[in-house]
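Let's take a walk through this one together, helix by helix, and then stop at the ligand. Keep the viewer open and turn the model as you read.

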Amino acid sequence: MVKTADVVIIGGGVIGVSIAYFLARRGFGRIVVLEQETIGAGSTGRSVASIDLFSHHPAAVTLQARAYEIFSQFEEIFGAECGLITTGLAVLAGPEQAAALNQAAKLAEAAGITCQLLSPDEFARLEPAAVVDDLAVAYYAPRGGYADPMLTTNAVVAAARRAGVVIEQGCKVTHLRHAGGRVTGVDTPAGAVAAPVVVSAAGPWSKHLLKLFGLGDLGLYACEHPVISIQRPADFGPPHLSILDLPNQTYARPETGHLTLAGSMDRSVGYEAIEPENFHGQVTAAYTFWVAERLVQRYPALEAGQLRQGWSGLMTISPDWQPVLGALPTVAGLYCATGFSGQGFKISPAVGDLMAGLIAGETEATQLLVPFRPSRFAEGQSLATSEFGALG
Ligand SMILES: Cc1cc2nc3c(=O)[nH]c(=O)nc-3n(C[C@H](O)[C@H](O)[C@H](O)COP(=O)(O)OP(=O)(O)OC[C@H]3O[C@@H](n4cnc5c(N)ncnc54)[C@H](O)[C@@H]3O)c2cc1C
């Protein structure tokens, strides 16, 4: 077990290891990742891993666009593949959400995301299996898709190790050391690690960790989010697009093996707060019915589909459903990257790069992360939420 480091990162999910990799690439010194279980054991290994190029918030769209650039060159950068599959993304809006969707399309274009707005008839030609009667407009981003969360994370881990990062698994951080208002390291059952910089990337455990550090909980909470899986009938035709269905408050994306993965975007369904130690990983019949019924309304041919084994995973929700990224105000040298509210995978490479840039004192990274600063809640500067449900 290492005794000293230049940076300790708490958490070996996709976010922690991405920050570690990008710090090492900047030559930031000895970087150590401490993971209480195994790599990807938290939210990451249970992610749907959709890469939806869409948000109502300009700062979030910028992160998505930067992340997508990295995903699209992933193998060149990390030396292994992330399993990126381009399905095309459609965001479907009824009359009530049409104005907000138009606005989001302008933001996406400004961030360099290829997208277009389609009339219901145009969308029906693109996606013949979908019902379009209730739609006013659809946003279409042809490069949207998904990747494999564990392939991605393991590739980042391997690249980080090649760059000199030390990753300790089965190593839980139990205490933060600080003196004179500065962080000095962390304690673990295997011993202390002295470091002038500590990054908390602890996912659903962030609330407990920050409280343990005496920093309050920033209003974060963990929730258990279930995902259903349906095998499409043989006569369904080609896979459907990845969709964010605003009228029905559901999302869906195709998966290999003729499967469709789907879940709720309604914040009151499938986002119930839970303590991580009470996590059970199940999907209830009531939730399955809620999602499947709405999915069949959009794609009637799925009524003949077969339900397959779903799963659930822990997410970390912030008060405004946007990430919490940056320096923690009370202890110098202490940072956090958390609160991704179900959107962390798709922005993970950009978060890794920008958090590393922030820690290294780079101006551009620091400016891009200002909207996500942890102090925004105490300052009454929470990011505005939208009518896009769990999309923030
Ligand atoms: C069901 C589900 C579907 C999702 N779908 C999508 C999607 O389609 N698109 C998308 O972009 N995002 C999605 N997400 C969200 C995305 O997966 C997360 O935002 C992302 O994985 C967060 O990564 P992380 O590294 O912050 O957290 P985690 O992967 O949870 O990693 C945190 C790690 O910290 C460790 N840890 C905690 N406390 C300590 C401690 N004291 N000491 C040491 N280690 C500690 C944990 O063991 C854990 O491994 C989904 C999430 C879930 C659960």
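What follows covers some helix packing and then the ligand site. Bear in mind that this is a predicted model.

Start with helix 1, which spans residues 14-25, and find helix 9, residues 344-359. Their axes come within 8 Å and cross at roughly 40 degrees. An angle from 35 up to 65 degrees is neither roughly parallel nor roughly perpendicular, so helix 1 counts as oblique to helix 9. Looking at the handedness, you'll find that this crossing is right-handed. On the helix 1 side, the residues that do the touching are Val14, Ile15, Ser18, Ile19, Phe22 and Leu23. Their partners on helix 9 include Phe345, Pro349, Val351, Met355 and Ile359. Sort the residues of this contact by class and you get 11 nonpolar, four polar and one charged.

Now stay on helix 1 but look for helix 6, residues 149-162. Here the axes come within 9 Å and cross at roughly 30 degrees. Angles under 35 degrees count as roughly parallel, and that is why helix 1 is described as roughly parallel to helix 6. The crossing of helix 1 with helix 6 is left-handed. Helix 1 brings Val14, Val17, Ser18 and Tyr21 to this contact, while helix 6 offers Thr152, Thr153, Val156, Val157, Ala159 and Ala160. The tally for this pair is seven nonpolar, three polar and no charged residues. Val14 and Ser18 are worth a click, since they turn up in the contact with helix 9 and also in the one with helix 6.

Next, swing back to helix 9 and pick out helix 2, residues 58-72. These two axes come within 7 Å and cross at roughly 90 degrees, which makes helix 2 roughly perpendicular to helix 9. From helix 2, the contact draws on Leu63, Gln64, Arg66, Ala67, Ile70 and Phe71. Among the helix 9 residues they meet are Phe345, Lys346, Pro349 and Leu354. By class, this contact has 10 nonpolar, two polar and three charged residues.

Lys346 is a handy bridge to the last stop. Which residues sit closest to the ligand? Of the 37 that surround it, the closest are Glu35, Ser43, Thr44, Ser50 and Lys346. Zoom in on Thr44, where a polar side-chain atom lies 2.5 Å from an oxygen atom of the ligand. Backbone atoms take part too: an N or O of Gln36 is 3.0 Å from a ligand nitrogen, and one of Val48 is 3.2 Å from a nitrogen atom of the ligand.

Note on methods: Residues numbered from 1 in each chain as written. Predicted model: local features only at pLDDT ≥ 70, side-chain atom pairs only at ≥ 80, totals over all residues. Heavy atoms only, no water. Axes fitted to C-alpha atoms, helices over the stretch in contact; angles between N-to-C directions. Helix = DSSP H or I, 4+ residues; strand = E, 2+ residues; numbered from the N terminus. Parallel < 35°, antiparallel > 145°, perpendicular 65-115°, else oblique. Left-handed = near helix turned anticlockwise from the far one by under 90°. Contact = heavy atoms within 4.5 Å. Nonpolar A, V, L, I, M, F, W, Y, C, P; charged D, E, K, R; others polar. Near = heavy atom within 4 Å. Polar contact = N/O pair within 3.5 Å; in protein donor to acceptor, adjacent residues only side chain to side chain.
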